[in-house]
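This briefing sets out the fold, the sheet, a helix and two strand residues in turn. Please read it alongside the sequence and the coordinates.

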Amino acid sequence: MSKKTYSILVMGTVERRVIVSGGSLAEAEANAYSEWTNLTGGHISTAECIEAWEIDQDLIDSYKGG
């Protein structure tokens with residue numbers, strides 16, 4: 001299964017949107033929790049995914065100048 005890129009809004013002690021990859025939405029959410037914890041210092045048990053959007057690879061490439 002190919003990995004997809006997602007923009008996920010995680011809310012806990014701090015609300016933050018993170019960009020992560022995953023083979024499935026569930027894997028991407030798990031990665032988002034870890035990334036949120038690393039960025040905010042929040043405790044993972046307080047994290048909740050509020051929304052998730054799959055990001056088209058062509059859009060990512062356009063931002064990279066590809």
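Axes here are lines fitted to C-alpha atoms, for helices over the stretch in contact, and angles between N-to-C directions run from 0 to 180 degrees. On that basis, α1 runs at about 135° to β2 and lies across β1, β2 and β3. The model is predicted. The protein chain contains two helices and three strands, and its elements follow the order β-β-α-β-α from the N terminus on.

**Overall dimensions and packing**

- The C-alpha trace of the protein chain spans about 35 × 25 × 20 Å along its principal axes.
- The protein chain has 66 residues, of which 27% count as buried.
- Among contacts in the protein chain with a separation of 6 or more, 39% are made by residues 24 or more positions apart.

**The sheet**

- The three strands make up an open sheet with the order β2-β1-β3, and the pairing is antiparallel.
- Because β2 and β3 (48-55) stand at the edges with a single partner strand each, one side of each has no neighbour in the sheet.
- On average, and with direction ignored, neighbouring strands of this sheet are turned by 25° against each other.
- Eight bridges link β1 and β2, which pair in the antiparallel sense.
- Lys4 has Gly22 as its bridge partner in β2.

**Helix α1**

- Helix α1 covers residues 25-40; at 1.5 Å a residue, its 16 residues should span 22 Å, and its end C-alpha atoms are indeed 22 Å apart, which agrees.
- The buried residues of α1 include Ala28, Ala32 and Trp36.
- Viewed down the axis of α1, the buried residues fall within an arc of 80°, so they line one face of the helix.
- An α-helix has 3.6 residues a turn, so residues three or four places apart point the same way.
- The buried residues of α1 pack against β1 and β2 (15-22).
- Ala26 and Asn38 are exposed, on the other side of α1.
- Gly41 follows α1 and has a positive phi, near 75°.

**Thr5 in strand β1**

- Strand β1 comprises residues 4-11, and Thr5 lies in this strand.
- Thr5 counts as buried because its relative accessibility is 13%, and buried means under 20%.
- Leaving aside neighbours within four places in sequence, Thr5 is in contact with Ile19, Val20 and Ser21, and also with Trp53, Glu54, Ile55, Gln57 and Ile60.

**Ser7 in strand β1**

- Ser7 also lies in strand β1.
- With a relative accessible area of 10%, Ser7 is buried.
- A polar contact of 3.2 Å joins the side chain of Ser7 to the side chain of Arg17.
- Not counting residues up to four places away in sequence, Ser7 touches Arg17, Val18 and Ile19, together with Glu51, Ala52, Trp53 and Ile55.
- Ile19 is thus one of the residues in contact with Thr5, and Ile19 is also among those that Ser7 touches.
- Trp53 and Ile55 likewise appear among the contacts of Thr5 and among those of Ser7.

Notes: Residues are numbered from 1 along each chain as its sequence is written. This is a predicted model: local features need pLDDT of at least 70, side-chain atom pairs count only at pLDDT 80 or more; totals for chains, interfaces and linings use all residues. Side-chain values use heavy atoms; hydrogens and water are left out. Helices (H or I, at least four residues) and strands (E, at least two) are DSSP runs, numbered from the N terminus. Buried means under 20% relative accessible area, exposed over 50%, partly exposed in between (1.4 Å probe, protein chains only). Contact means heavy atoms within 4.5 Å. The expected span of a helix is 1.5 Å times one less than its number of residues. The arc is that of the directions from the helix axis to the C-beta atoms. Two strands pair if DSSP finds at least two bridges between them. A polar contact is a pair of N or O atoms within 3.5 Å; within protein, one must be able to donate a hydrogen and the other to accept it, and residues adjacent in sequence count only if both atoms are side-chain atoms.
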